[in-house]
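The following paragraphs lead the reader through one protein model, beginning with a term that the later descriptions rely on. Please keep the sequence and the structure in view while reading.

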Amino acid sequence: MEKKVKALSHLYVTVFLSGFASFIVVPAITDVTMSALCPGTDECSLAIYLSGFQQAVIGVGTALMMPLIGNLSDQYGRKSLLTLPMTLSIIPFAVLACSTTTNYFYAYYTLRTLTAMISEGSINCLALAYLADNISDTQRASAFGILAGISSGAFVFATLAARFLSAGSTFQVATFVSMLAVVYMRIFLEESIPDQNDGMTQPILKETEGVIQKDGNVGTRKMPVFKTIPSLKDIIRLIKSSPSFSQAAIVAFFQSLAEGGMICSIMYYLKARFHFNKNQFADLMLIAGIISTVSQLFIMPLLVSPIGDGRLLSIGLLVSCLNSIFNSLAWSAWVPYATTALSIVTVFTTPSLRSIVSKQVGTTEQGKAQGCISGVTSLANIIAPLIFSPLTALFLSEEAPFHFPGFSILCIAITLMIAFIQSLTIGKTPSNSRDENCSNSMEV
């Protein structure tokens, strides 16, 4: 037990450092983008469209990569697969650490798009699988909530640090902390492989032997290990293996569609409507981060047992919907600050959803399951900017069909309402037995 607690503490430190590096650049990136593309203005359609295009391309990459990374981690260990995305995430930060001029911004934009196809979301996906390896079913919702709280804590400290740093210094700090996270993880985090006695400890590049030939004899022909990776059909079969898994996947899609829409619209909306600057964005996110951290670390673990992760998911989605409605109708700059109080409930959504998914599969499929859900959320992130970026740009421009700057935010609220309604059906349908065809092995 003591060994598991120690292993999890190193996981939490790794997630904190990685999250800190990612979050510290968030308050600065909008100003850096605007100054590189449209200097001296508060509105920039090019920035909105480029941001949306990047989000869509990253979504395509992560939709393909997340199930693959999750499945490989089931076979070769969480730590081994964590190394790749954490290392790749250093590269874009290092570019803007050198300079934030237009040329360097485009280099950052290109490298960020390419590396995020692997690194975006995979660290969280693998961390969830690591927790599932070491935590019982009954405690996973609380553990996932604590992990989310650690990420929120990283968000708080990163946002607070960004408050006192220039844009160039922010990316220098992000680069250093990203490198520190990789070094710490490689030295201190213990490997976690679901089944140590099932031939899953071989190196990734090892080839499979003993293949049955057409004449029925056992041959020694070698097959690359990547031939054993499940196809898209296998992944779909996994999602359909349980009604609750299928329903959770639908909820994840609409919730991520709304979240992706918020990412590509809210900052530009607040900047155009209330002339928010870097420090105001940092203050807003700092308040939300503090509330989220307290809620996930202290409140959610107390509510999981009496209420259940299913009800917490529905409550979080409903309050998220109300939060979006209030922001879409914001009549003063203090309204976005006031709505951050709702974060105490909205943060229940993701840990509860991931906990529900984790309970639908066995111990050797945690990585694949979390990867599948991450793939679904990535698919939503492809679609979100295609819808909400043009919508935001249109209603913030003088060519809007009617005056409603927050119309795209209201559409996000409608999307969240769909997710809320779907969440009410999770667990209402009797579960089917697991399909044996969803195992990691494939017939040759």
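A residue is called buried when its relative accessible area is under 20%, exposed when that value is over 50%, and partly exposed in between. Leucine 88 offers a case to which this cut-off applies: its relative accessibility is 19%, and because buried means under 20%, leucine 88 counts as buried. The model under discussion is a predicted one.

With that term in place, the chain may be considered as a whole. The protein chain contains 19 helices and 0 strands. It has 444 residues, of which 55% count as buried. The area that the chain exposes is about 19400 Å², and carbon and sulfur atoms supply 65% of that area. Contacts across the sequence can also be described: among those between residues at least 6 apart in sequence, 83% join residues at least 24 apart.

Leucine 88 is a convenient place to begin a closer reading. This residue lies in helix α4. When residues up to four places away in sequence are not counted, leucine 88 touches Thr115 and Ile118. The second of these partners, isoleucine 118, stands 30 residues away in sequence, and the C-alpha atoms of the pair are 8.0 Å apart in space.

The helix that holds leucine 88 also packs against another helix. Two packed helices are described by the angle between their axes and the distance between those axes. For helix α4 (residues 78-88) and helix α9 (residues 167-188), the axes come within 10 Å and cross at roughly 170°. An angle over 145 degrees counts as roughly antiparallel, and α4 and α9 are therefore roughly antiparallel to each other. On the α4 side, the contact is made by Lys79, Ser80, Leu82, Thr83, Met86 and Thr87; on the α9 side, it is made by Ala181, Val182, Met185 and Arg186. Sorted by class, this contact of α4 with α9 has 5 nonpolar, 3 polar and 2 charged residues.

Helix α9 itself merits attention. It has 22 residues and reaches 31 Å from its first C-alpha to its last, close to the 32 Å expected at 1.5 Å a residue. The buried residues of α9 include Phe171, Thr175, Ala181, Val182 and Met185. Threonine 175, placed in helix α9, is buried because its relative accessible area is 11%. Leaving aside neighbours within four places in sequence, threonine 175 is in contact with Ile90, Phe93, Ala94 and Ala97. Leucine 96 is 79 residues from threonine 175 along the chain, and the two C-alpha atoms are separated by 9.3 Å.

Leucine 96 appears again in the surroundings of isoleucine 29. Isoleucine 29 is found in helix α2 (residues 26-37) and is buried, with a relative accessible area of 19%. Beyond its neighbours within four places in sequence, isoleucine 29 is in contact with Leu96, Tyr108 and Phe171. The C-alpha atoms of isoleucine 29 and phenylalanine 105 are separated by 9.9 Å, although these residues are 76 apart along the chain.

How many of the 13 residues of α7 are buried? The number is 11, so α7 is largely enclosed by the rest of the structure. Among these buried residues are Ser122, Cys125, Leu128, Tyr130 and Asn134. The length of helix α7 (residues 122-134) can be checked as well: at 1.5 Å a residue it should span 18 Å, and its end C-alpha atoms are 19 Å apart, which agrees.

Further along the chain, a loop between α12 (266-274) and α13 (278-307) contains histidine 275. The phi angle of histidine 275 is near 55°, a positive value in a residue other than glycine.

The description ends with another pair of helices. The axes of helix α18 (residues 366-395) and helix α19 (residues 407-423) come within 8 Å and cross at roughly 145°. In this pair, Phe388, Leu391, Thr392 and Phe395 of α18 meet Phe407, Ser408, Cys411, Ile412 and Thr415 of α19. By class, the contact has 6 nonpolar, 3 polar and no charged residues. Helix α18 also holds leucine 394, which counts as partly exposed at 32% relative accessibility. With neighbours within four places in sequence left aside, leucine 394 is in contact with Glu399, Ala400 and Pro401. The C-alpha atom of leucine 394 is separated by 8.8 Å from that of proline 405, a residue 11 places away along the chain.

Terms used
Residues are numbered from 1 along each chain as its sequence is written. This is a predicted model: local features need pLDDT of at least 70, side-chain atom pairs count only at pLDDT 80 or more; totals for chains, interfaces and linings use all residues. Side-chain values use heavy atoms; hydrogens and water are left out. Helices (H or I, at least four residues) and strands (E, at least two) are DSSP runs, numbered from the N terminus. Buried means under 20% relative accessible area, exposed over 50%, partly exposed in between (1.4 Å probe, protein chains only). Contact means heavy atoms within 4.5 Å. Accessible areas come from the Shrake-Rupley method with a 1.4 Å probe; for residues, only the protein chains shown count as cover. The expected span of a helix is 1.5 Å times one less than its number of residues. Axes are lines fitted to C-alpha atoms, for helices over the stretch in contact, and angles run from 0 to 180 degrees between N-to-C directions. Angles under 35 degrees count as roughly parallel, over 145 as roughly antiparallel, 65 to 115 as roughly perpendicular and the rest as oblique. Ala, Val, Leu, Ile, Met, Phe, Trp, Tyr, Cys and Pro count as nonpolar, Asp, Glu, Lys and Arg as charged, and the others, Gly among them, as polar.
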